[in-house]
Amino acid sequence: MSGSPKRPQLVPYITQWSGERAPKSELVIRRGRLAFADERPYDRDSNGVLWSRVPSQPGKGKPEFGKVHALRQRNAMERLLCQVCGKAADRNQDGILWLLGEAPDSSGDSGVLTAHPPLCLPCAHASVSACPHLRREYIALRVSRLERAGVRGALFQPSGSQPVAVDVGGVAFDDPLIRWVRAGQLLVYLTDFRVIDL
């Protein structure tokens with residue numbers, strides 16, 4: 001049909017769709033940390049971090065480019081899946097393929113902290129063509145060593161008997177503030193890598 005809206009050709013696996021609205025979940029303070037009032041075991045990861053509740057219904061509604069689906073992003077980071085197609089990221093003897101929107105910091109700290117999962121080679125090429133940010137500048141890396149570093153999410157603080165949102169940002173797993181985060185993205189630290197020509 002000529003009158004039906006066209007779906008975008010490339011919608012990354014980690015992109016949130018308009019039909020994936022988070023349900024209203026009451027936040028409370030329990031045992032000295034942020035919690036859902038009706039918390040279930042799968043609301044927390046193996047580090048005890050509370051994660052945002054978002055239904056997974058890719059393809060429902062319209063893609064919301066720039067918004068990241070918490071569960072799919074975390075899955076891609078933990079399982080080293082391509083952030084675009086959701087299949088295994090490209091890996092060879094030099095490491096796993098990653099794209100950064102800018103050159104790594106050369107201030108003497110050799111690692112790179114990122115919330116962006118790796119990619120497979122075909123999707124890396126497609127991303128460089130399709131993503132306005134990457135069209136301006138990108139760096140391709142082969143990463144041979146990485147570690148889970150923390151999470152990015154909404155930071156809360158106690159206010160009487162209720163938690164109050166105060167900020168959004170990254171918090172390391174070993175930071176005491178991790179007890180007050182509702183996570184939305186897993187952060188990894190790329191510790192051993194080399195820049196490559198894509």
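Colleague: Happy to look at this with you! Which residue just after α1 takes a positive phi?

Modeller: Glad to help, and please keep in mind that this is a predicted model. Helix α1 covers residues 70-79, and the loop between α1 and β6 (91-92) holds the residue you are after. Its phi is near 55°, a positive value in a residue other than glycine. Just after α1, the residue with that positive phi is Leu 80.

Colleague: Is Leu 80 buried or exposed?

Modeller: Here the cut-off helps: buried means under 20% relative accessible area, and exposed means over 50%. Leu 80 has 17% relative accessibility, so this residue counts as buried.

Colleague: How many of the residues of α1 are buried?

Modeller: Let's go through the helix. The buried residues of α1 are Ala 70, Arg 72, Gln 73, Arg 74, Asn 75, Ala 76 and Met 77. The helix is mostly covered, and out of its 10 residues the buried number is seven.

Colleague: What covers the buried residues of α1?

Modeller: Strands are part of the answer. The cover includes β1 (15-17), β4 (50-51) and β5 (63-68). Also included are β7, β8 (112-114) and β11 (181-196).

Colleague: Which residue in the hairpin of β2 and β3 takes a positive phi?

Modeller: Strand β2 (residues 27-30) and strand β3 (residues 33-36) run antiparallel and are joined by four bridges. In one of these pairs, Ile 29 has Leu 34 as its bridge partner in β3. The hairpin has two residues between the strands, and the one with a positive phi near 55° is Arg 31.

Colleague: Why does Arg 31 count as exposed?

Modeller: Arg 31 lies in the loop between β2 and β3, and it has its positive phi although it is not a glycine. Most residues other than glycine have a negative phi. As for exposure, the label needs a relative accessible area over 50%. Arg 31 is exposed because its relative accessible area is 74%.

Colleague: Which residues does Gly 95 touch, not counting those up to four places away in sequence?

Modeller: Gly 95 lies in strand β7 (residues 95-100). With a relative accessible area of 9%, Gly 95 is buried. Leaving out residues up to four places away in sequence, its contacts are Asp 90, Arg 142, Val 143 and Ser 144.

Colleague: How many Å separate the C-alpha atoms of Gly 95 and Phe 193?

Modeller: Along the chain, Gly 95 and Phe 193 are 98 residues apart. In space, the separation of their C-alpha atoms is 7.7 Å.

Colleague: Which residue in β9 stands opposite Leu 97?

Modeller: β7 pairs with strand β9 (residues 139-159) in the antiparallel sense, over five bridges. In β9, the residue opposite Leu 97 is Arg 142.

Colleague: Over how many bridges do β9 and β11 pair?

Modeller: One example of their pairing is Ala 140, whose bridge partner in β11 is Ile 196. The two strands pair in the antiparallel sense, and the number of bridges is 14.

Colleague: Which residue in the hairpin of β9 and β10 takes a positive phi?

Modeller: β9 also pairs with strand β10 (residues 162-172), antiparallel and over 10 bridges. Within that pairing, Gln 157 stands opposite Val 164 in β10. Two residues sit between the strands of this hairpin, and the one with a positive phi near 70° is Gly 160.

Colleague: Let's step back to the whole chain. How many helices and strands are there in the protein?

Modeller: Reading along the sequence gives the pattern β-β-β-β-β-α-β-β-β-α-α-β-β-β. The count for the protein is three helices and 11 strands.

Colleague: What radius of gyration does the protein have?

Modeller: The C-alpha trace spans about 55 × 55 × 25 Å along its principal axes. For 198 residues, a compact globule would have a radius of gyration near 16 Å. The protein's own value agrees with that, at 18 Å.

Colleague: One more, please: how many Å apart are the mean positions of the positive and negative charges?

Modeller: The protein exposes about 11,200 Å², of which carbon and sulfur atoms supply 51%. There are 27 positive and 20 negative charges, and their mean positions lie apart by 9 Å.

How values were computed. Residues are numbered from 1 along each chain as its sequence is written. This is a predicted model: local features need pLDDT of at least 70, side-chain atom pairs count only at pLDDT 80 or more; totals for chains, interfaces and linings use all residues. Side-chain values use heavy atoms; hydrogens and water are left out. The radius of gyration is taken over C-alpha atoms; the globule rule is 2.2 Å times the number of residues to the power 0.38. Accessible areas come from the Shrake-Rupley method with a 1.4 Å probe; for residues, only the protein chains shown count as cover. Lys and Arg count as positive and Asp and Glu as negative; His and the chain ends are not counted. The place of a charge is taken as NZ of Lys, CZ of Arg, CG of Asp or CD of Glu. Two strands pair if DSSP finds at least two bridges between them. Buried means under 20% relative accessible area, exposed over 50%, partly exposed in between (1.4 Å probe, protein chains only). Contact means heavy atoms within 4.5 Å.
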